[in-house]
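Reader: I'm new to reading protein models. Could you walk me through one?

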Amino acid sequence: MTFRTRHLLLAVVAVTAALPITTYTLARQGRAGAPPPPQPTLGLEHGTLDFDTPDFTLKLVKDSQTIAALEPKGAKGIDPQTPFDFTPADQLTARQGDRFNHLGDITLRLRQDGWQDGAWVDLASSDARAPVAPAPGYHAPNGYRLLAAADLTPTLKTAPVRVVRSWMVDPSNRLVLHFELRNTSTAPVAVGGLGFPVVFNNMIQNFTTNRARTLPQAHEICSFFDPYMGEDAGYLQVTRLSGAGPALVVVPEPGTRTPFEAFRPLDDASRRGQTFEGAFEWTVFSQAYAENEWKNAAQWNAASSMTLAPGETRAFGLRFLVAGEIRGIENTLAAADRPVAVGIPGYIVPMDLDAKLFITPGKRKVKSLQSVPAGALAVTADGTAKGGALQYLVRGQQWGRARLTVNYDDGTVQTIHYDVTKPAAEAVSDMGRFLTSKAWYTDTTDPFHRAPSVMNYDRAHDRVVLQDTRAWIAGLSDEGGAGAWLAAMMKEFVQPDKAEIDKLSQFVDQVLWGRIQYSDGPRMYGVRKSVFFYQPDLVPGYTYDPGNWTSWSSWNKAQADAVNRAYDYPHVVAAYWSMYRLARNYPGLVTAHPWQWYLDHAFNTVKYMTGGFAQPGERGGVGYVNVGLMDGDIFVMLLDDLKREAWTEQAGYVEGAMKRRADRWNSEAYPFGSEMAWDSTGQEEIYAWTDYFGFTHKSAVALNSILGYMPAIPHWGYNGNARRYWDFIYGAAPGGGIERQIHHYGSGINAVPVLREYREHPADEYLLRIGYAGSMGALSAIDQNGFPSAAFHSYPWNLSWDDYIGDYGPNFFGHAVTTGTYIINSPAYGWQAFGGNVKEGGGWVTVDTLDSMRRRVYVAPLGLSVTLDRGTFERVAINPTSHAVRLTLSPASAFTSSALLRMTQPAVVQGIGTFRVTGTFAEQRGGLVIPLKQTATIVEIGIR
């Protein structure tokens with residue numbers, strides 16, 4: 001979506017609160033009229049070749065023999081009469097010209113002495129289409145059933161190789177796309193680039209009408225795909241937006257070597273935008289790209305190429321598997337004899353953590369393992385897990401990205417991608433120090449009155465961002481401007497530090513209250529869209545940097561002063577709530593105001609957002625108040641504290657206002673509207689409130705939607721990475737565009753509902769794996785000096801962290817409210833910990849807590865959640881026989897003479913009664929006050 005489009009969308013905020021979500025989503029994204037259709041070259045007028053396979057109804061365009069439809073058996077689409085299709089069959093008419101890629105196409109980058117001056121030459125079957133030719137004499141391998149075969153010479157024209165493509169059903173009744181490349185010349189041909197476009201229906205834009213699909217249409221028709229670039233063990237998973245089954249799993253064809261080396265964006269004729277992430281290819285060879293366009297980026301895998309001798313033929317292929325549901329993808333891979341890797345707690349590994357890797361190799365044996373860089377990972381064989389997988393202990397020893405290569409005895413090569421961080425607590429401490437020093441702005445002569453504050457920071461130039469033509473980026477509001485101070489505030493909730501809190505208290509009193517938020521007048525408690533603005537006549541003597549200040553994003557003062565964007569309010573509530581928690585739980589730590597002041601300001605910010613201060617006859621609420629808001633879980637947490645403090649009137653107001661929003665969401669099929677046509681931000685809060693009010697069907701819809709875009713993959717960047725691909729435009733360094741964002745704030749905020757659901761259903765370990773990975777995504781974004789980046793750039797010519805803090809704040813919010821130590825006794829992997837190190841002995845399972853906060857422990861086999869409002873855990877021990885739990889609390893400190901412990905049982909576990917703490921302790925707001933000593937304190941918990 002262009003800047004101009006978003007400006008037009010924001011301009012209608014004043015009326016959107018009264019519109020149904022699906023209606024105003026279309027109002028924002030739709031554009032009248034459709035573009036002229038492309039010059040048809042695909043040959044749709046000549047019909048299709050139709051086939052029935054055990055898994056699919058398959059249709060090929062007769063002229064091109066590319067896929068026209070790939071319909072999994074038994075799966076329904078937008079209505080019971082319409083079959084679901086993984087491919088964009090409904091967009092064929094709009095995509096029937098040259099440079100529109102389809103499943104079945106091929107791309108090549110070739111070089112040969114004496115041909116085209118010996119330079120690399122790009123060829124693609126989609127570039128200049130012509131009807132493909134028959135392939136006389138072509139025969140399928142023994143046991144295969146040939147569906148169709150074609151010689152691609154007419155569309156590849158002058159290439160010195162002949163490409164024959166075939167569609168077959170293999171002996172296991174799986175669909176196969178097969179290519180054979182033959183050097184037809186008298187000289188060797190170097191193949192430096194080889195790829196197969198994997199085009200599925202990620203087209204939220206209907207290119208036929210040039211309008212965005214409705215949310216029900218998008219969720220029932222469209223799919224997303226996620227790559228595991230694991231070389232020979234790689235795969236592409238294709239999942240429906242609704243999160244419903246089936247899921248498609250694309251793997252290398254057995255008997256060929258078709259490694260998933262890279263995932264290359266294609267220059268497809270369908271325009272990228274917020275409603276279309278783009279078309280991509282499964283790249284087998286990438287050497288020619290790595291030496292040219294990608295030379296400044298460290299690739300996920302070692303780039304490779306091949307040379308075809310005169311007359312030599314090489315075969316490649318992809319195989320299509322169907323998993324009944326998303327959670328079943330790994331079982332589907334294992335059933336197809338694919339190597340399967342599972343990391344606990346994932347693939348983002350703090351240096352003090354004993355991470356585990358479980359490999360199910362299939363019929364092959366592990367021959368060797370190798371870390372790249374050498375020594376970055378220390379990997380030790382650790383026997384066999386109780387489910388039969390090979391178990392390895394993985395220790396991160398060198399900060400940054402690392403690749404583990406697994407070599408098997410049959411020649412299969414698998415790569416597993418890790419990110420090694422500092423110990424979690426140390427990384428978060430570094431971030432707090434960075435934000436309150438390097439990013440701490442103190443210039444009181446600033447005409448926009450932004451000092452003192454934690455501001456956006458430019459890592460490339462090591463300076464605070466004082467200007468940006470996107471006003472909010474330098475304006476301390478919106479996600480892109482509030483991200484730095486929101487992260488700082490939530491850091492103090494996680495790890496209180498007196499010196500940092502004193503600075504942030506100044507920010508609250510001098511900038512948040514009175515500048516970002518109105519402190520008087522009719523807009524009191526309203527939140528500005530930006531403190532920075534572009535209006536030279538109002539800031540005489542101030543020099544704006546050169547740039548395009550005529551764009552819609554360069555708000556003037558009136559636009560910046562507007563309070564009509566609900567997304568800006570949770571950040572402010574989170575800041576007040578964090579200060580309330582600090583003031584309430586740590587006597588003497590916060591001295592600027594009593595705790596009541598912060599809690600009252602948090603409440604009144606919610607009240608303003610939801611229209612509680614509206615006069616009779618006025619429309620209440622601000623724009624987008626009726627959509628799910630990022631870090632909207634803060635409202636649930638605020639409500640819990642209002643109840644604990646017996647602020648009955650305020651709690652009643654918040655509960656009533658949120659019930660009206662939840663009622664609305666419950667009435668809609670997919671209530672995930674936002675400023676964008678489709679988004680992954682609203683599910684967090686929508687899950688929270690529909691679950692709170694007992695709308696279990698709708699909370700399940702929200703959760704399943706998250707499963708559709710938050711995968712489990714043996715790659716730190718994609719594992720638990722909730723899909724985001726447009727906020728490099730709005731919330732990061734200048735110059736960004738449409739590009740998949742790795743561990744943008746979608747990861748952190750979507751971890752919140754996923755882990756909450758897990759705590760209620762601890763047998764569902766899939767939820768724990770993706771939720772914890774999403775929470776850890778925020779940790780991976782913190783560099784060695786504490787700078788937190790908005791997101792990692794995924795395109796192969798980038799592969800680096802963004803230079804701005806930008807909209808990182810909601811990501812760390814998600815981490816702050818989910819991080820903890822989760823202990824499981826897995827049927828497949830035994831006793832394991834996410835966020836801790838496990839030891840077994842003497843009849844006890846002991847876990848050292850190593851997460852960044854150390855105030856949350858969840859013992860899954862018991863369905864027991866133990867948290868601390870103040871104080872920290874050092875370790876927890878579980879007796880599997882008696883179900884006793886022993887907590888070790890850290891010694892007393894300057895502001896923590898006692899701990900405040902809470903205990904709940906969110907899951908009902910068969911055979912487990914009600915837990916109680918041994919001994920008598922004073923109660924405080926529903927928790928137990930545990931006096932602390934100068935040495936560790938032991939707390940015993942048993943079943944009543």
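Reader: Is the crossing of helix 12 and helix 14 left-handed or right-handed?

Author: One thing up front: this is a predicted model. As for your pair, helix 12 and helix 14 make a left-handed crossing.

Reader: And how do people describe a pair like that in general?

Author: Two packed helices are described by the angle between their axes and by how far apart those axes are. Here, the axes of helix 12 and helix 14 lie 10 Å apart, at an angle of about 40°. That angle makes helix 12 oblique to helix 14.

Reader: Which residues of helix 12 and helix 14 meet?

Author: On the helix 12 side you'll find Pro570, Val573, Ala574, Trp577, Tyr580 and Arg581. They meet Ile634, Phe635, Met637, Leu638, Asp641 and Arg644 of helix 14. Sorted by class, this contact has 9 nonpolar and 3 charged residues, with no polar ones.

Reader: At what angle do helix 10 and helix 12 cross?

Author: Helix 10 spans residues 498-512 and helix 12 spans residues 569-585; their axes cross at roughly 135° and come within 12 Å. Helix 10 and helix 12 are therefore oblique to each other. The crossing of helix 10 and helix 12 is left-handed.

Reader: Which residues does helix 10 bring to its contact with helix 12?

Author: Helix 10 brings Ile501, Ser505, Val508 and Leu512. Their partners in helix 12 are Val572, Ala575, Tyr576, Met579 and Leu582. By class that gives 8 nonpolar residues, 1 polar and no charged ones.

Reader: Okay, on to pockets. How do you find empty space in a model?

Author: The trick is to roll a probe the size of a water molecule over the atoms, which shows where empty space is left. In this structure, the largest pocket has a volume of about 920 Å³. It is lined by 31 residues, and the closest to its centre are Asp640, Arg644, Arg759, Arg856 and Thr867. You've already met Arg644, in the contact of helix 14 with helix 12.

Reader: Which element gives the most to the lining of the largest pocket?

Author: That's helix 14, with 6 residues. Among the other elements that supply at least two residues each are helix 12, helix 19 (745-760) and strand 38 (856-859). By class, the lining of the largest pocket has 14 nonpolar, 5 polar and 12 charged residues.

Reader: How much space lies in the second largest pocket?

Author: About 710 Å³. Its lining has 32 residues, with Glu765, Ser826, Pro827, Ala828 and Tyr829 nearest the centre of the second largest pocket. Elements supplying at least two residues each to that lining include helix 7 (329-335), strand 19 (340-344) and helix 20 (765-780). The lining divides into 19 nonpolar, 7 polar and 6 charged residues.

Reader: What about the backbone? Where is proline 246, for instance?

Author: Proline 246 sits in the loop between strand 13 (235-240) and strand 14 (247-252). The peptide bond leading into it from glycine 245 is cis, with omega near 0°. Another cis peptide bond runs from isoleucine 344 to proline 345, with omega near 10°. Proline 345 is in the loop between strand 19 and strand 20 (348-350).

Reader: What is the phi of lysine 157?

Author: Lysine 157 has a positive phi of about 55°, although it is not a glycine. Look for lysine 157 in the loop between helix 4 (153-156) and strand 7 (161-169).

Methods
Residues numbered from 1 in each chain as written. Predicted model: local features only at pLDDT ≥ 70, side-chain atom pairs only at ≥ 80, totals over all residues. Heavy atoms only, no water. Axes fitted to C-alpha atoms, helices over the stretch in contact; angles between N-to-C directions. Helix = DSSP H or I, 4+ residues; strand = E, 2+ residues; numbered from the N terminus. Parallel < 35°, antiparallel > 145°, perpendicular 65-115°, else oblique. Left-handed = near helix turned anticlockwise from the far one by under 90°. Contact = heavy atoms within 4.5 Å. Nonpolar A, V, L, I, M, F, W, Y, C, P; charged D, E, K, R; others polar. 1 Å grid on protein atoms, 1.4 Å probe; cavity = no way out; pocket = protein on both sides within 12 Å on 5 of 7 lines; lining within 4 Å. Points joined across faces, edges and corners; volume = space filled by probe spheres on them.
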